[in-house]
Amino acid sequence: MNGCRLTFLGTGTSQGIPVVGCDCMVCNSPDPHDRRLRASAFVEYGGKNILVDCGPDFRTQMLRAGIKKLDAILLTHAHMDHIGGLDDTRALQWGRGWEPHIWCEQRVLDALKKHFYYAFSDQLYPGVATWHFHIIDDKPFSIDGVEIVPIRVMHGKLPILGFRFGNTAYITDMSSIESSEEEKLKGLDAITVNCVLQVPHHSHFSLPQAVEFAQRIGARESYLTHLSHYLPEHKKMERLLPPHIHPAYDGLTINCGRPEKRCPCNWKRFLDRTRAYLRRNDAPALTWHEPEPGH
Ligand SMILES: [Zn+2]
Ligand SMILES: [Zn+2]
Ligand SMILES: [Zn+2]
């Protein structure tokens, strides 16, 4: 059971692209590949529909990708760009009769109790989100018999998780990883890894670090996510990167590591939905800003 289909629902860093109020070249790019919602992935594996991270764009992402059913939500960590959409999972409760099941670490659950205090109170407001939690650590776990391997990585000083689904691995918000954990990443068809800047960052891989990591792991194909407007436009990134390392983009589906040939009607519908959602962003003059150190 190694086959895995992964759709990138969002490939942007915590602010997304375009960034509110920004006039840079990337934020003003007319190329839809440069429109990036907050990082999240939809994984079809072992007959299960699995969402990895549920950021503030969850609702838009589910509607845009036409996803109607989830079996599990996995959380990498509790930063707002990865959990901010959890309240909207209520729609699955009401519309689809599914009470969301969430797999996460104890420290993530502790943080959720603070962020979403009202969903954990003794006196629940009628209609409030009802979540079922499954606490995991860095050991393999199963969703109804479907095994998933967590990968322990560091996000600055915060230990977080990536996940391996058969021969596809998804890691975001990583700044370092122990070599013992890299052992879990052998023989991959595809790996996804994050980078935010071309220069070093305290809690994320830079572009050179991500490329070096991808080459060391040696998956058949590697994809970059959690990208910021401080990196070049998508097309330039594609030209810059070595073969087999690609910038991911919202709506990209990979099947056993390979980009899936997309039905043009579906892709057009996806782009139309993206344009409609982003129509409020006018395109003023194009300017380029240099990355600020420490951003
Ligand atoms: Zn993030
Ligand atoms: Zn910008
Ligand atoms: Zn984070």
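**A strand, a helix and the sheet between them**

Hi everyone, let's start with a pair of strands: β10, residues 168–170, and β11, residues 190–194, run parallel to each other and are joined by three bridges. Please keep in mind that this is a predicted model. Within that pairing, Ala169 sits opposite Ile191 of β11, and Tyr170 has Thr192 as its bridge partner in β11.

Now let's step back to the whole sheet. Seven strands make it up, in the order β7-β8-β9-β10-β11-β12-β13, and the sheet is open with mixed pairing. At the edges you'll find β7 (141–143) and β13 (245–247), each of which pairs on one side only. On average, neighbouring strands here are turned by 30° against each other, ignoring direction.

Back to β11, my favourite part of the picture. How many of the residues of β11 are buried? Five of its five are, and the strand is mostly covered. As for where they point, Ala190, Thr192 and Asn194 go one way, while Ile191 and Val193 go the other, and all of them are buried. For anyone who doesn't look at strands every day, side chains in a regular strand alternate between the two faces of the sheet.

On to the next neighbour. β11 and β12 also run parallel, joined by five bridges, and here Ala190 stands opposite Glu221 of β12. To get from β11 to β12, the chain passes through helix α6, and this β-α-β crossover is right-handed.

So let's look at that helix. α6 covers residues 207–217 and packs on the sheet, where it touches β11, β12 (221–225) and β13. The direction of α6 makes about 160° with that of β11.

Which residues of α6 are buried? They are Leu207, Ala210, Phe213 and Ala214. Viewed down the axis of α6, these buried residues fall within an arc of 125°, so they line one face of the helix. They pack against β11, β12 and β13. Turn to the other side of α6 and you meet Glu212 and Arg216, which are exposed.

One last detail before I hand over. Right after α6 comes Gly218, which has a positive phi, near 70°.

If you'd like to trace this on the screen, begin at β11 with its five buried residues, follow the chain through α6, and finish in β12, which is parallel to β11. Thanks for listening!

Notes: Residues numbered from 1 in each chain as written. Chains lettered and ligands numbered in written order. Predicted model: local features only at pLDDT ≥ 70, side-chain atom pairs only at ≥ 80, totals over all residues. Pairing = 2+ DSSP bridges. Helix = DSSP H or I, 4+ residues; strand = E, 2+ residues; numbered from the N terminus. Axes fitted to C-alpha atoms, helices over the stretch in contact; angles between N-to-C directions. Contact = placed C-beta atoms within 7 Å. Buried ≥ 20, exposed ≤ 12 C-beta atoms within 10 Å, placed from the backbone. Arc of directions from axis to C-beta. Right-handed = clockwise from strand over helix to strand, strands pointing away.
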